[in-house]
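User: I'm new to reading protein structures and would like a close look at one part of this one. Could you pick a strand inside the sheet and walk me through its surroundings step by step?

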Amino acid sequence: MNNYHTHTYRCHHAFGTEEDYIQKAIEQQMEELGFSDHAPFPHHDYGLRMAYEELDDYLLTLDRLREQYQNRIRLLKGLEIEYYADCDSYYQRLLTEKGLDYLLLGAHSFVNAEGTFKNIFFAESTNDFLDYADNVCAAMQTGFFRCVAHPDLFFINDFPIDKHTEEACRRIIEEAKKQDMILEFNANGYRRIRQNYADGLRYPYPHRYFWKLAKQAGIRVIIGSDCHVPVHVCDHYVLTARQNALQWGLNVIDTLF
Ligand SMILES: [Zn+2]
Ligand SMILES: [Zn+2]
């Protein structure tokens with residue numbers, strides 16, 4: 001097993017050092033572990049992210065650990081990051097100057113076409129889903145991102161599935177198909193509470209409706225732990241996610257590269 005969605009204490013809402021996650025991963029006989037802590041931005045603080053001043057230490061620490069553990073596990077340097085259209089040069093710099101192996105698109109927030117800052121955890125209506133989808137699609141088109149984390153995150157909001165919801169799913173899947181983008185089936189959704197939503201009893205995500213379209217389109221799918229605690233790196237939620245993804249007929253791949 002591999003995992004490319006791993007957080008650390010640096011983002012202020014996860015626990016454990018890089019090394020704690022590595023040791024857990026080795027214990028679980030994982031072959032490759034990619035770190036993707038929540039990225040800072042040089043000029044904005046979106047909260048619950050590592051500080052920009054800490055970025056170099058994060059990267060140096062991973063370089064050091066990569067060497068130290070080279071005979072036991074392969075380590076990759078990544079970041080989970082939002083897409084803002086005015087930050088293209090920053091994404092470029094992370095991938096070149098800073099030497100990151102990959103960027104994982106984590107669209108928790110975005111700026112819509114009207115210039116309004118939106119947090120997708122608190123959508124006001126399913127209209128926001130369309131803006132979310134457009135942000136994800138624009139991000140996919142840039143070529144900066146290796147994979148989209150929890151592309152169906154908007155289902156965390158409790159609205160009946162309507163035309164906008166369907167259209168948002170369709171836009172993301174179509175663009176992913178066009179860009180041959182890998183989408184992440186996120187185990188952290190299963191760590192959240194299963195509850196009654198307008199469309200029935202379910203976990204907030206992964207959502208069946210979305211993944212049915214992904215299946216039809218033959219999208220490549222990777223399982224992501226999205227662990228915020230070292231013991232979660234390959235816990236039973238990850239195994240459940242994998243099992244469900246396979247059961248839903250998805251094209252599950254094991255490695256990001
Ligand atoms: Zn997080
Ligand atoms: Zn994450």
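Analyst: In this predicted model, C147 sits opposite I182, a residue of strand 8. That pair is a good doorway into the part you asked for. C147 belongs to strand 7, residues 147-148, which runs parallel to strand 8 and is joined to it by two bridges. To get from strand 7 to strand 8, the chain passes through helix 5, and this β-α-β crossover is right-handed.

Let's stay with strand 8 and turn to its other neighbour. Strand 11, residues 220-224, also runs parallel to strand 8, and four bridges hold the two together. You can find two of the facing pairs yourself: F185 stands opposite I223, and N186 has G224 as its bridge partner in strand 11. If you wonder what such pairing rests on, strands of a sheet pair through backbone hydrogen bonds, either parallel or antiparallel.

Now, how enclosed is strand 8? Five of its five residues are buried, so strand 8 is largely enclosed by the rest of the structure. It helps to remember that in a regular strand the side chains alternate between the two faces of the sheet. In strand 8, I182, E184 and N186 are on one side, L183 and F185 are on the other, and all of these are buried, leaving both faces covered. Strand 11 is mostly covered too, with four of its five residues buried.

What covers strand 8? Helix 5 is part of the answer, since its buried residues pack against strand 8 (182-186), and also against helix 4 (127-142) and helix 7 (208-217). The buried residues in question are T165, A168, C169, I172, I173 and A176. They are on the same side of helix 5, because they cover an arc of only 120 degrees around its axis. On the face turned away from that buried side you will find the exposed residues K163 and K178.

Helix 5 also lets you try a simple check of length. It has 17 residues, 163-179, and at 1.5 Å a residue it should span 24 Å; the C-alpha atoms at its ends are 24 Å apart, so the expectation and the model agree. Just after helix 5 comes D180, which has a positive phi, near 50 degrees.

Let's step back to the sheet that strand 8 belongs to. This is an open sheet of eight strands with parallel pairing, in the order 1-2-3-4-7-8-11-12. Strand 1 (2-3) and strand 12 (251-253) are the edges: each has a single partner strand, so one side of each has no neighbour in the sheet.

You can follow that order outwards from strand 8 in both directions. One way, beyond strand 7, lies strand 4, residues 102-105, which pairs with strand 7 in the parallel sense over two bridges. There, L105 has V148 of strand 7 as its bridge partner. The other way, strand 11 is joined to strand 12 by three bridges, and these two run parallel. Here I222 is matched with I253 of strand 12. Strand 11 and strand 12, together with helix 8 (residues 236-247), form a β-α-β unit that is right-handed, just as the crossover from strand 7 through helix 5 to strand 8 is right-handed.

Finally, let's place this part in the whole chain. The chain contains eight helices and 12 strands, and buried residues make up 44% of its 257 residues. Its C-alpha trace spans about 50 × 40 × 30 Å along the principal axes. For 257 residues, a compact globule would have a radius of gyration near 18 Å, and the chain, at 17 Å, agrees with that. Among contacts with a separation of 6 or more, 74% come from residues 24 or more positions apart. So keep strand 8 as your landmark: it is largely enclosed by the rest of the structure, since five of its five residues are buried.

Definitions and conventions:
Residues numbered from 1 in each chain as written. Chains lettered and ligands numbered in written order. Predicted model: local features only at pLDDT ≥ 70, side-chain atom pairs only at ≥ 80, totals over all residues. Expected span 1.5 Å × (residues − 1). Buried ≥ 20, exposed ≤ 12 C-beta atoms within 10 Å, placed from the backbone. Arc of directions from axis to C-beta. Contact = placed C-beta atoms within 7 Å. Pairing = 2+ DSSP bridges. Right-handed = clockwise from strand over helix to strand, strands pointing away. Rg over C-alpha atoms; globule rule 2.2 N^0.38 Å.
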